[in-house]
Structure formats: C-alpha cells, structure tokens
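Here are my notes for anyone opening this one for the first time. Have a look at the sequence and the fold, then read on.

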Amino acid sequence: ASIYPNPASDNFSIEMENEVKSVEVFSLQGQKVLTSKNKNVNVSGLSKGMYLVRIEDVDNAVATKKLIVE
C-alpha cells in the first residue's frame with residue numbers, strides 16, 4: 001500500500017490492490033487519533049507532525065506507513 005500526498009495537509013489517499021477494511025491513524029505516542037474505512041482520509045483536523053497510518057485490507061493484510069501532516 002502507498003499513501004499520497006505525503007506530506008498531506010487536508011487529506012490523503014491510499015493506493016492498494018484490495019479494498020480497505022480499516023484505516024487507523026496513530027500519533028507517535030501510540031494514541032489513535034483517527035479511524036476510517038475509506039481510501040480517502042481527511043486529516044485536516046490533525047495537528048502538524050508525523051503519524052503512523054495502519055491500513056488493513058479485506059484479506060487482513062496490514063501495512064503501516066508514516067504520514068507527515070503539514
């Protein structure tokens with residue numbers, strides 16, 4: 001899976017072959033700050049900084065990506 005744009009300011013999209021089952025965005029402190037079930041995720045409400053995006057697809061494969069919000 002890949003996410004773009006990165007850095008993101010308003011939202012980011014997920015590019016992957018399978019359908020997304022869940023998207024979770026975590027702060028670097030491990031706090032879950034956002035959840036989504038879409039390939040397009042709005043992060044305009046998040047503070048600037050780095051986050052970890054945990055993407056799970058319908059086959060239960062998990063990818064974790066770093067995302068910078070600016």
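**Notes on strands, core and charges**

1. Start with a single pairing: Tyr4 has Ser13 in β2 as its bridge partner. Keep in mind throughout that this is a predicted model. Zooming out a little, β1 and β2 run antiparallel and are joined by 3 bridges.

2. What order do the strands of the open sheet take? It goes β1-β2-β5, so to speak from one side to the other, with 3 strands and antiparallel pairing. The edges belong to β1 (2-4) and β5 (40-42); each has a single partner strand, so one side of each has no neighbour in the sheet. On average, neighbouring strands here are turned by 25° against each other, direction ignored. As background, strands of a sheet pair through backbone hydrogen bonds, either parallel or antiparallel.

3. Now for the nonpolar core. The largest one has 16 residues, and those with the most contacts inside it are Ile3, Phe12, Ile14, Val43, Val53 and Leu67. Which elements give two or more residues to this core? They are β2 (11-15), β3 (20-27), β6 (49-57) and β7 (62-69). In general, nonpolar side chains tend to be buried together in soluble globular proteins.

4. Ile3 is a good residue to click on. Setting aside residues up to four places away in sequence, Ile3 touches Phe12, Ser13 and Ile14, then Val53 and Ile55, and also Lys65, Lys66 and Leu67. Of these, Phe12, Ile14, Val53 and Leu67 are listed along with Ile3 among the core residues with the most contacts.

5. On to the charges. The count comes to 4 salt bridges. One of them is between the side chains of Lys32 and Glu24, at 3.1 Å from N to O. Lys32 counts as partly exposed, because its relative accessibility is 46%, while Glu24 is buried, with a relative accessible area of 15%. Generally speaking, side chains of opposite charge can pair when their charged atoms come close.

6. Glu24 also meets Arg54 in a salt bridge, 3.7 Å from N to O. This pair links distant parts of the chain: Arg54 sits in strand β6 and Glu24 in strand β3, 30 residues apart. Arg54 is partly exposed, at 27% relative accessible area.

7. Arg54 has another partner, too: its side chain meets that of Glu56 in a salt bridge of 3.4 Å, N to O. Glu56 is buried, with a relative accessible area of 13%. How do these pieces fit together, and which residues end up in one network? Through shared partners, salt bridges join Lys21, Glu24, Lys32, Arg54 and Glu56.

8. Last stop: Val20, which lies in strand β3. Is Val20 buried or exposed? Val20 counts as buried, because its relative accessibility of 11% is below the 20% cut-off. Leaving aside neighbours within four places in sequence, Val20 is in contact with Lys37, Asn38 and Lys39, as well as with Glu56 and Asp57. Val20 and Ala61 are 41 residues apart in sequence, and their C-alpha atoms are 9.8 Å apart in space.

Terms used
Residues are numbered from 1 along each chain as its sequence is written. This is a predicted model: local features need pLDDT of at least 70, side-chain atom pairs count only at pLDDT 80 or more; totals for chains, interfaces and linings use all residues. Side-chain values use heavy atoms; hydrogens and water are left out. A nonpolar core is a set of buried Ala, Val, Leu, Ile, Met, Phe, Trp, Tyr and Cys residues joined through side-chain atoms within 4.5 Å. Buried means under 20% relative accessible area, exposed over 50%, partly exposed in between (1.4 Å probe, protein chains only). Helices (H or I, at least four residues) and strands (E, at least two) are DSSP runs, numbered from the N terminus. Contact means heavy atoms within 4.5 Å. Two strands pair if DSSP finds at least two bridges between them. Axes are lines fitted to C-alpha atoms, for helices over the stretch in contact, and angles run from 0 to 180 degrees between N-to-C directions.
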